[in-house]
Amino acid sequence: MENAPKNTLSLVVITFNEEHNLPRCLQSTNGLVDEIIVLDSGSTDQTKNIAQAAGAKYHEHPFAGHIQQKNHALSFVETSWVLSLDADEALDETLREEIKKALIHPRASAYTMNRLTNYCGHWVKYCGWYPDQKLRLWKKDAGIWTGINPHDRFVLHKGMKPLHLKGNILHFSYQSVEQHRKQALKFAQIAAGQLHVLGKRYPAWHAPLRAGFRFFRDFILKKGMLDGKTGFTICRISAWSTYKKYSLLAAMNNG
């Protein structure tokens, strides 16, 4: 659709076994978006049925990395604007209203917004987890997903600058500490592999040094202690994940 109506909006979500999270994500954009694009990487649960019941344009593609998957999902967009959410995210009411206003009277080609994370029932205000600003609303073709897997980020074309919207993306991250540990290890493995491919090399002592600094930064400098026991748990796992990433990288480089 080369001549898409002005200021129409697509919600774009990549999924894999997201039957628990996807309904909340889609519900939060009801009445706001003109189309929903769901790109799935082989779910075995009810993700497909949930997406199609919500009227989404459902596509499947083998998972090649978070960055690659999100860029591929953008190829299906037929509107003039894009809203990108992860399946475990949702818009709060303030952000919904801000997006509506931005589409009626755009003051920029892209917009950032804060993300507030719920961890095992606790809203995390510190640990470096908030405001966790994200660029998630932009004009179609305004940029591209990049970064180092699994940590993707959307980068605008040269010369474009985003404005910031009030409100929050609500991020429902982990339901248990064990779930967090498993995901942290998975991300550490992916990141170590990506750094290895890029030719990054660090001595063995780098892993504990990086991990120690990560804990000090998140728990002390970023006031993780103010999130109480939850803050300590988050900072401890983040430091452990950092240690695993660099120790795995050292093993790959010496293998």
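Where is the place of Asp132? In this predicted model, Asp132 is placed in the loop between E7 and E8, and the views below begin there.

**View 1. The loop between E7 and E8, with Pro131 and Asp132.** The loop that joins strand E7 (122-124) to strand E8 (134-139) contains Pro131, and Asp132 has its place in the loop between E7 and E8 as well. Tyr130 and Pro131 are joined by a cis peptide bond, for which omega is about 15°. Asp132, although it is not a glycine, has a positive phi of about 50°. Most residues other than glycine have a negative phi, and most peptide bonds are trans. The side chain of Asp132 also meets that of Arg115 in a salt bridge, with an N to O separation of 2.9 Å. This pair links distant parts of the chain, with Arg115 in strand E6 and Asp132 in the loop between E7 and E8, 17 residues apart. Arg115 counts as buried because its relative accessibility is 12%, which falls under the 20% limit for that class.

**View 2. The loops on either side of strand E9, with Asp141 and Pro150.** Asp141 is found in the loop between E8 and E9, and its phi is near 70°, a positive value in a residue other than glycine. Asp141 counts as exposed, because its relative accessibility is 61% and the class begins over 50%. Pro150 has its place in the loop between strand E9 (143-148) and strand E10 (151-156), and the peptide bond that leads to Pro150 from Asn149 is cis, with omega near 10°.

**View 3. Salt bridges and the network that includes Lys70 and Asp152.** A search of the whole structure finds 13 salt bridges. Side chains of opposite charge can pair when their charged atoms come close. In the salt bridge between Lys70 and Asp152, the closest N and O atoms are 3.3 Å apart. The two residues belong to distant parts of the chain, Lys70 lying in helix H3 (residues 66-74) and Asp152 in strand E10, 82 residues apart. Lys70 counts as buried, because its relative accessibility is 6%. A network of salt bridges links Lys70 and Asp152 with Asp86, Glu89, Arg115, Asp132, Lys134 and Arg136, and this network therefore takes in Asp132 of the first view.

**View 4. Side-chain pairs of helix H6.** Arg214 and Asp218 form a salt bridge in which the closest N and O atoms are 2.7 Å apart. Because they are four residues apart in helix H6, Arg214 and Asp218 are separated by about one helical turn. Arg214 counts as partly exposed at 26% relative accessibility, whereas Asp218, at 2%, counts as buried. His206 also has its place in helix H6, and the side chains of His206 and Arg210 are joined by a polar contact of 2.8 Å. His206 is buried, with a relative accessible area of 13%. The C-alpha atoms of His206 and Tyr126 are separated by 26 Å, the two residues being 80 residues apart along the chain.

**View 5. A nonpolar surface patch that includes Tyr126 and Leu226.** Tyr126, Phe213, Phe216, Ile220, Leu221, Met225 and Leu226 make a nonpolar surface patch of about 660 Å². One of these residues, Leu226, has its place in the loop between helix H6 (206-221) and helix H7 (228-254). Leu226 is exposed, with a relative accessible area of 52%.

**View 6. The largest nonpolar core and the surroundings of Leu9.** The largest nonpolar core has 28 residues, and those with the most contacts inside it are Leu9, Leu11, Leu83, Ile99, Leu137 and Leu165. Two or more residues of this core come from each of strand E1 (9-15), helix H1 (22-27), strand E2 (35-40), strand E4 (81-84), helix H4 (93-104), strand E6 (110-119) and strand E11 (163-174). Helix H4 gives the largest share of this core, four residues. Leaving aside its neighbours within four places in sequence, Leu9 is in contact with residues including Leu32, Val33, Trp81, Leu83, Ile99, Leu103 and Leu137. Apart from this core lies another, of 16 residues, among them Leu74, Val82, Leu135 and Ala142.

Notes:
Residues are numbered from 1 along each chain as its sequence is written. Side-chain values use heavy atoms; hydrogens and water are left out. Patches are made of residues with over 30% relative accessible area and no salt bridge: like charges are joined within 9 Å, nonpolar side chains (Val, Leu, Ile, Met, Phe, Trp, Tyr) within 5 Å. Accessible areas come from the Shrake-Rupley method with a 1.4 Å probe; for residues, only the protein chains shown count as cover. A salt bridge is a side-chain nitrogen of Lys or Arg within 4 Å of a carboxyl oxygen of Asp or Glu. Buried means under 20% relative accessible area, exposed over 50%, partly exposed in between (1.4 Å probe, protein chains only). A nonpolar core is a set of buried Ala, Val, Leu, Ile, Met, Phe, Trp, Tyr and Cys residues joined through side-chain atoms within 4.5 Å. Contact means heavy atoms within 4.5 Å. A polar contact is a pair of N or O atoms within 3.5 Å; within protein, one must be able to donate a hydrogen and the other to accept it, and residues adjacent in sequence count only if both atoms are side-chain atoms.
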